[in-house]
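Student: I would like to go through this model term by term, asking each time what a label rests on.
Tutor: Then let us set each value beside its definition and conclude from the two together.

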Amino acid sequence: MPGESPRPGRDPLREARPVRLPRPSLPLRVHAFDPYSQTSGPGTRAVVWLQGCTLGCPGCWTPETHPPGGHEVTVDELFAHIAGLGGRIEGVTVSGGEPLQQFRPLLRLLTRIREETSLSVLVFTGFGWEEIVRMPGAAALRDRVDVLLAGRYVRDLRLGRGLRGSSNKTVHLFTDRYTAADLDAVPDAEVVIRADGRLAITGIDPPPRDE
Ligand code: SF4
């Protein structure tokens, strides 16, 4: 077409500006998903266990969540699944594995939950609060979470009840949606019948394992 030919004597490749391509969205690596848990925070909650943790707390109840891997799920797919649960859940709990080791896609999921639903958000992390505040994106995380339970699991400080697991863990109520009493009222364990007929006991603070 007239006007689109390169001018004589000039190298169009040298003049070309780099094209910025959109970064592909990182998927979330998911270990397991329970749509209706009664033991992972106040009310009935969808629980996402993310895969991968390098923190290595002795006595961790979920060593199978430590290796990388898991099921790769896009943020949009996971959000659609959660949103499809509609009014049957009060909120979403994210556990692990270590959720904050998938910070970017986790934040995108929590952003969609915050902006597009009225679901509450509770996050368990093995990082301590003093570590979290040094992470890029800590303020954004805080804006998208109602309750954060933070800190390594310390077997010698095991509580045996409640959501904290061990007494060194700290509880952060970032909104007024829940009180400490609401968290105390969460059942310690429940028995779940899996789709294949197997029974499973779920809860935050099961009996400790040996190393
Ligand atoms: S941070 Fe959580 S998943 Fe990771 S080792 Fe500690 S207790 Fe286990």
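The conversation below takes up the overall chain, its core, a helix pair, single residues and the ligand shell.

Student: What kind of model is this, and how are its residues numbered?
Tutor: It is a predicted model, in which local features need pLDDT of at least 70 and side-chain atom pairs count only at pLDDT 80 or more, while totals for chains, interfaces and linings use all residues. Residues are numbered from 1 along each chain as its sequence is written.

Student: How many helices and strands does the chain have, and what makes a stretch count as one?
Tutor: The chain has six helices and nine strands. Both are DSSP runs numbered from the N terminus, a helix being H or I over at least four residues and a strand being E over at least two.

Student: Why is Glu115 called exposed?
Tutor: A residue is exposed if 12 or fewer other C-beta atoms, placed from the backbone, lie within 10 Å of its own, buried if 20 or more do, and partly exposed in between. Glu115, which lies in helix H3, has 8 such atoms, and is therefore exposed. Its C-alpha atom is 8.9 Å from that of Arg144, 29 residues apart along the chain.

Student: What makes Pro136 exposed?
Tutor: Pro136 has 8 other C-beta atoms within 10 Å, so the exposed label applies. Pro136 sits in the loop between helix H4 (129-132) and helix H5 (138-143).

Student: Why is Ala138 placed in the class of partly exposed residues?
Tutor: Ala138 has 15 other C-beta atoms within 10 Å, and therefore counts as partly exposed. This residue belongs to helix H5, and beyond its neighbours within four places in sequence Ala138 is in contact with Ile132 and Val133, where contact means C-beta atoms, placed from the backbone, within 7 Å.

Student: Why does Ala32 count as partly exposed?
Tutor: Ala32 has 17 C-beta neighbours inside 10 Å, so the label is partly exposed. Ala32 is in strand E1 (residues 28-37).

Student: What share of the chain is buried, and what makes a set of residues a nonpolar core?
Tutor: Of the 211 residues in the chain, 29% are buried. A nonpolar core is a set of buried Ala, Val, Leu, Ile, Met, Phe, Trp, Tyr and Cys residues joined through C-beta atoms within 7 Å. The largest such core has 30 residues, and Leu109 and Ile113 are among those with the most contacts inside it. The largest share of this core, five residues, comes from E2.

Student: Which residues does Ile113 touch outside its sequence neighbourhood?
Tutor: Setting aside neighbours within four places in sequence, Ile113 is in contact with Phe79, Ile82, Val92, Leu119 and Val121.

Student: How do you know that helix H2 and helix H3 pack together, and at what angle?
Tutor: Val75, Leu78, Phe79 and Ile82 in H2 meet Pro105, Arg108, Leu109, Arg112 and Ile113 in H3. By class, this contact has seven nonpolar, no polar and two charged residues. H2 (residues 75-83) and H3 (residues 103-116) pack at about 35°, with axes 10 Å apart.

Student: What is the bond from Gly96 to Gly97, cis or trans?
Tutor: That peptide bond is cis, with omega near 5°. Most peptide bonds are trans. Gly97 is found in the loop between E4 and H3.

Student: Which residues come nearest to the ligand, and what makes a residue near?
Tutor: A residue is near a molecule if its C-beta atom, placed from the backbone, lies within 6 Å of it. Of the 13 residues around the ligand, Cys53, Cys57, Cys60, Gly126 and Tyr153 come nearest. The shell divides into five nonpolar, six polar and two charged residues, with Ala, Val, Leu, Ile, Met, Phe, Trp, Tyr, Cys and Pro counted as nonpolar, Asp, Glu, Lys and Arg as charged, and the others, Gly among them, as polar.

Technical notes
Axes fitted to C-alpha atoms, helices over the stretch in contact; angles between N-to-C directions. Contact = placed C-beta atoms within 7 Å.
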